[in-house]
Amino acid sequence: MATRINSVPIKTLIEVDPFIPADEQQGIHNRWHPDIPPVATVKPGEVFKVQCVDWTGAQIGNNDTSDDIRDVDLSKVHNLSGPVAVEGTEPGDCLVVDILDVAPFDKMPWGYTGIFELNNGGGLFAQEFQSRAAKAIWDFHGVYATSRHIPGVRFAGVSHPGLIGTAPSQDLLDTWNKREKELIDAHPGAVPPVAFPPQAEGAYVGQTDIADDVRKKIYAEGARTIPGREHGGNCDIKNLSKGSRCYFPVFIKGANLSVGDLHFSQGDGEMSFCGAIEMAGIITFSCSIIKGGVEKLGLKQPIFLPSPVDPLYSAKIIFEGISVDYHGDGRQYNMDATVAYKQAALNAIAYLQKLGYTRQQAYLLLSAAPVESHVGAIVDSPNACVTLALPLGIFEDDILPKATDPVLPFKNRDWCMAMPIDFTSKKKHGTYLYIVLMPHMYASHLGQPDRNLTDET
């Protein structure tokens, strides 16, 4: 007979509602600062759950328009749950975080992938594509994801936190702000920006017992959560799923662990900026401490042990890229792995377009699916070599190269597209035509009334 003795329920330390804006909830913050107090404290070895809103804080809906992607307020991101202090941690220690589980809310079994506007977020190909907002909604079926907006694919997700880290010390925060300001000053007017400085507008700490002067200091100095840094942060490592272990340097007493930006799935690189399948959900942790671990491990940045749980997609088609911008002006770069990654991705996008997908669909798919990228060579001047591997098993059809016309099985891909709906909006930027691609395609906001989505493909 089952007994309650020795059956210890797992506590949920932070509860949120994924349908309510983040800045109306407690236990959430969207800046890094050492003065943000912990909302809970755990003992080493204690198992606990944390609930998270999606990274935008409930700004994106399950619908067939990309207006919400176009108009997203990026001053309010990322929305993190925490901080959670761990008893006994001191600066110089290593906080060991075991990720025991990551799952979406039962009441929200869907997520989204977005292409952001050139002037509001951007992405890897923001300049090349002159990015306009678009999105795909993904429905979750157990471990699998499918999208009405990208037909013909189904894949298993590797759910993980895109953003997790410890709080910085004041000295470290000052270092971040100084070096990133220098970068911004060196690239005035860059679009998209090269970095994001502290910004009081949009800053939020969901705690009511913070003194006004402390809150004002946090909002004025708090580092934006957009890049990863020495403490972890927004590194978007897709294999940090259940069963992973993370080793974080500790900079303040208690460590103050925060987490958010949960992903159902992601390709290596998260190339479209909002490139994973973004979701709200629940993550389960257990923490321990290595005293003096920063010195013992030579820890300058976190160390990760990836999850043993991984979808089995052994057959892949691999695209290569080198440090030559042959999709652009043909310029030769010296050992530039970013240029090489871009070329591999553009080669994959061009291939998928030949199979009948639009450029936006291909861009979104490569961002969200379990695509793998590797540095093949970085010693043979002038060309770094980067590969991008697309799993064959995620497609309903055979996409391998053939002597026959490879487009034939896919000629119906553009059945997703409908004619433009004849109405306009004067919202925010003047008059626009909205093209709504229903029912099987994302909606795309286009800035010129006479343009059709096919102009982008």
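Start by selecting Asp71 and Arg70, which form a salt bridge whose closest N and O atoms are 2.7 Å apart. Keep in mind that this is a predicted model. Asp71 is buried, and Arg70 is buried as well. Side chains of opposite charge can pair when their charged atoms come close.

**A second pair**

Next, select Glu180 and Arg229. Their side chains form a salt bridge too, with 2.8 Å between the closest N and O atoms. What does this pair tie together? Glu180 belongs to helix 3 (residues 170–186) and Arg229 to strand 12 (residues 228–229), so the salt bridge links parts that are 49 residues apart in sequence. Colour helix 3 and strand 12 separately to follow the link between them.

Is Glu180 buried or exposed? Its relative accessibility is 12%, and buried means under 20%, so Glu180 counts as buried. Arg229 has a relative accessibility of 3%, so Arg229 counts as buried by the same cut-off.

**A pair with partly exposed partners**

Now move to Lys402 and Asp398. The side chains of these two residues meet in a salt bridge, at 3.5 Å from N to O. Here the surroundings can be read from the accessible areas. Lys402 has a relative accessible area of 37%, which makes Lys402 partly exposed. Asp398, at 42% relative accessibility, counts as partly exposed. Both values fall between the cut-offs of 20% for buried and 50% for exposed.

From there, select Asp35, Lys217 and Glu221 together. Salt bridges with shared partners join these three residues into one network. How many salt bridges does the structure hold? The count is 19, and the pairs on this tour are among them.

**Strand 11 and its partners**

Leave the charged pairs and select strand 11, residues 160–165. Why can strand 11 be called largely enclosed by the rest of the structure? Six of its six residues are buried, so the rest of the structure largely encloses the strand.

Add strand 15, residues 257–263, to the selection. Strand 11 and strand 15 run antiparallel and are joined by five bridges. To find one matching position, label Pro161 and Leu262: Pro161 stands opposite Leu262, which is in strand 15.

Then add strand 13, residues 232–233. Strand 13 also runs antiparallel to strand 11, and two bridges join them. Which residue of strand 13 stands opposite Gly165? Label Gly232 to see that residue.

With strands 11, 13 and 15 shown together, strand 11 can be seen paired with strand 15 and with strand 13.

Methods: Residues are numbered from 1 along each chain as its sequence is written. This is a predicted model: local features need pLDDT of at least 70, side-chain atom pairs count only at pLDDT 80 or more; totals for chains, interfaces and linings use all residues. Side-chain values use heavy atoms; hydrogens and water are left out. Buried means under 20% relative accessible area, exposed over 50%, partly exposed in between (1.4 Å probe, protein chains only). Helices (H or I, at least four residues) and strands (E, at least two) are DSSP runs, numbered from the N terminus. Two strands pair if DSSP finds at least two bridges between them. A salt bridge is a side-chain nitrogen of Lys or Arg within 4 Å of a carboxyl oxygen of Asp or Glu.
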